[in-house]
Amino acid sequence: MEHYTMNLTLKVWKQKNKNEKGRFETYQVKNVSSEMSFLEMFDVLNEQLIAEGKEPIAFDHDCREGICGMCSMYINGRAHGPWHHTTTCQLHMREYKDGDTIVVEPWRASAFPVIKDLVVDRQSFDRIIQAGGYVSVNTGNAVDANALPIEKHMADEAFASAACIGCGACVAACPNASAMLFVSAKVSHLAMLPQGSPERKERVTNMINQMDKEGFGSCTNIGACEAECPKGISLENIARLNREYIGAMFDGGSQNAK
Amino acid sequence: MALNSKIPAGSLEEKWEKYKSTCKLVNPANKRQLEVIIIGTGLAGASAAASLGELGYKVKTFCFQDSPRRAHSIAAQGGINAAKNYQNDGDSTYRLFYDTVKGGDYRAREANVYRLASVSANIIDQCVAQGVPFAREYGGLLSNRSFGGTQVQRTFYAAGQTGQQLLIGAYQALERQVALGNVTQYSRHEMLDVVMIDGKARGVIVRNLVTGELERHFGHAVLLCSGGYGNVFYLSTNAMGSNVTAAWKAHKKGAYFGNPCYTQIHPTCIPVSGDHQSKLTLMSESLRNDGRIWVPKAKGDNRKPNDIPEEERDYYLERRYPAFGNLVPRDVASRAAKERCDAGYGVGASKQAVYLDYASAIQRYGKIEVNKQGLSNADADTITKLGKEVVKEKYGNLFEMYEKITGENPYEVPMRIYPAVHYTMGGLWVDYELQTTVPGLYALGEANFSDHGANRLGASALMQGLADGYFVIPYTLGNYLADDIRTKSIPTDHPAFVEAEKAVSDRINQLMNIKGTESVESFHKRLGKIMWDKCGMARNEKGLKEAIAEIQALRKEFWSNVRIPGDVNEYNPELDKANRVADFIELGELMCIDALNRNESCGGHFREEFQTEDGEALRQDDKYMYVAAWEYKGESNFELHKEDLNYEVVHPSARSYK
Amino acid sequence: MSWKNAFSSSVGKKIQMALTGLFLVLFLVVHCYVNAMIFWDDNGAKFTEAAHFMGTNVVIRITEIGLFAFLILHIVQGLKLWAQNRSRRNTRYAVSAGNATSKWYSRSMGILGTLILLFLILHISAFWAPNRASQTMGNGELDLYAMMRDAFQSLFVVVIYVLGCISLAWHLVHGFYSAFQTLGLAMNKYKGIINVVGVAFSIIVPLIFALMPIAFYLHWIE
């Protein structure tokens, strides 16, 4: 792989806090190496800004290996940038060439208010999990791990759903700012396992109610979420959530739902 | 103060059982009156918060990330050990205990390790009950794989994302307690001091990272589950935000720091590509099962790897360690790579890398596949094609990750790898009950020094974090709080809170008022370079002494020339970072002091003066069979306390992998 | 879950959209079948016979009330969802993904549906309304075949009808699959067949409808 350097124009959303209005700011970044990750390019820019006595750009990031779900940039119209199955931190600068202009925005959704610049508040996701995204089992109550065999393909599918990193790219990418892919991944993960089965009806009801309360849009099966999900969570999860929901609708017993 | 490890009497097997049945309990009505503060929400913190919430304590959790689910436990790939013996291959609690003690180069406390091994099986049960989707066999039962340094298959895993799945399990259990009102969760909050009242930890000062406000929180006890300090090296496999601040504040308030110099360097990471590098990425240890590691036989050979003929390649691990070959333990493999690069045989642009080559594995698998499919006259292309398919099936996701980062296709060109800082065995000194030397202040998971000795075995970090949180702290904390049931919540206008908050606020203002010229990041990078060069994979007296002087100078420079943009009362990541780097600088000095003190080589601590003729680590059991617990006495002033390690069951011997 | 909860949640509303949508799909089949009688080119004999049955049979007339109820529910609920979903993102993106991550018609169900609604108003007021009015006033059924033949001599009307059919086709391409997905039936195992049937339906039915005004205009049928 040949390495090269490039000069770029960046248009980045700057917003002081939740209450103030934001705007785009234009920056020139020079001598960006094709080997940098996208966030390292931002590091370089921020160092440059600090040296010039200006304020650096705030952005969320932590593990920088594509698993923690913290990074969240909307790059040239794409959640996490143009690479398939890739988080922002794993996008590398060899995607770009000298002279390119890159527009970077925060996740935009009413349920994800901007904290500063590119940083958004995703606590609504925590509250959705609090509504039922768990198995009610206290520490010490467990039976032997092998007491309950689970069909391999079910375990594998549950794992595929559980691979969700809760980054919110699905919400960011969805024209309706819907959180259905996130919610459905959790509902599916737990519904497919016998351990999660006893609470499945309350879970799907309460999680959907919370999702609505948080102000996410509804799913119109557009599929942009699936296309942008860095972990390849499939729309099949949403179909499964819908089945779970219909099951809960007609069930007479599940009155524990809030 | 003399160190009391509070190890219960009795045989190894009885200690924990006996402790559990004799420790003091708190009745449910009283638990509701007792408040517990938990700093950090990784495996240890989330599991402790969930378990204590279930018991009825009033718990508050704090994490600097935007959600507890982001904690860096999430990045663990390989798996979690447990002495289940599901494979019928001779595993047992004792064997797991023994492997861990030996892997730790005989620098861990026997009683703690035995307890860890004995609760390991419960962890798996608990996690499965929570819905953690571990890998399974076709029969529907759990699958196991083997991992470095062991002879049995006891590692449970969920593809290459075991840490993620376990953390999500613990996070969900925690969120359930939040929903039930037992736990209050504070995200984007960072602990900046411990509040001491009458010699006990009674609360914390935290900073709301969104608004910049300082907050006071009371707790009958404070649990630090804030992870390791590998980022003192700037470049490590830790998350960007991982830091030592919580532990360091506790240290300055009287908690001893145990074995700070024990650092694990993981051999298979993607090498540094330039000055812009912000972090290093681990490639699972499993790659060494099939890949061969080599460098050119000639110094400074600049040919492309595929142009270097077989006879001009030095498969140095196979040469030096014929018995274990490419599968030697992490510390040995890391040092061997460093030795070759330092000698001038490194590859790639930086010359700080070695090749991990899959060409022969592709050929080997290709030939097997050809035989399986009954192709008698397969040409070379077919063999290579089939071989690549097999390799893809086994390691596809790792190869994909490598390609994303480097832009090179590892099926065609050998991967370049280099060791990187990965885990810190050292941490706050704790007794058998996980209590630090400060009453009411506990440390769990990677934040404490306890179970891994001088080197940690693969797949044991997850086990320790969850053992501490789910199965140890619920008992040991009760034993402490049982005497505290008459203590009413102390209002946070108590002078101790006011004073602590003022100290934090003063320090923040001091930092902001320096208004120097150099960025925090730049200081951090300079610290990292000193640490990596002089307190990294190999250390020596001269280097360590230099490092101490350089760090002291760096600290002065930092406090007179750092530039922090923005304001105090707003979201200001540069200020957050400055707070952390200031602490890393102080910790770096202590690490060098500890490394200088330990005149031996063991596990993750390799002193060049102490090696065998063929370059292997040389322990000095007669002089250094102790835990070095350091007490903070003021700037650059630390006092050493020793906790002697008494091996009653295992007999220390030299590790050999020849 | 309570019925109120079930019907007021976002998923509940989507299920209403799916069920009413599928009912409207069934209606399209019947409507298309009946109207396709004109292609016998028998001066509307078979068509008129069928139209008479549809216009006078008690069961059909009762179902017709249901049809309108569902149609209105589909329209009202759809427009409400469209407005609500738009409000879920207060600040819009400066750069949008466009077609890189989704199909334009799946993002345009509101617009396509509105176009169909406008077309329907014209269509109903041209045929169905006068006919039922005449029936109600005791003047008997109108000669719908003649009305069609006359109306479709205007190029303008034919173009409006063809545009209506095109909107319907795109609405159906997404709507057909979407209904099954919302009802939880579009698992990978069935997704293929749902897509094939859906796309085929979305092409064939609107095409037959579109051929009617064209056939009259070009005098393929008299």
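In this predicted model, strand β9 (residues 221–224) of chain B runs parallel to β17(B), and three bridges hold the pair together. One of the pairings puts B:L223 opposite B:Y442 as its bridge partner in β17(B). Both strands belong to an open sheet of five strands with parallel pairing, ordered β5-β2-β1-β9-β17 (chain B). At its edges sit β5 (183–186) and β17 (441–443) of chain B, each pairing on one side only. Direction ignored, neighbouring strands of this sheet are turned by 20° against each other on average. As for helix packing, α3(B) lies across β1 (35–39), β2 (58–62), β5 and β9 of chain B, and runs at about 165° to β2(B).

Helix α3 (43–55) of chain B also turns up in the contact with chain A, as one of the helices that supply at least two residues each to chain B's side. That contact takes 66 residues from chain B and 66 residues from chain A. On the chain B side, α6(B) gives the most, with nine residues; other contributors include α11 (380–406) and α16 (573–597) of chain B. Sorted by class, this side of chain B has 26 nonpolar, 24 polar and 16 charged residues.

Within chain B, the domain assignment gives domain 1 (266–421) and domain 2 (495–622), whose C-alpha centres lie 34 Å apart. The two meet through six residues from domain 1 of chain B and six residues from domain 2 of chain B. Helix α9 (residues 330–345) of chain B gives the most to the domain 1 side, with five residues. By class, that side has one nonpolar, one polar and four charged residues.

Note on methods:
Residues numbered from 1 in each chain as written. Chains lettered and ligands numbered in written order. Predicted model: local features only at pLDDT ≥ 70, side-chain atom pairs only at ≥ 80, totals over all residues. Domains from an automatic or database assignment. Contact = placed C-beta atoms within 7 Å. Helix = DSSP H or I, 4+ residues; strand = E, 2+ residues; numbered from the N terminus. Nonpolar A, V, L, I, M, F, W, Y, C, P; charged D, E, K, R; others polar. Pairing = 2+ DSSP bridges. Axes fitted to C-alpha atoms, helices over the stretch in contact; angles between N-to-C directions.
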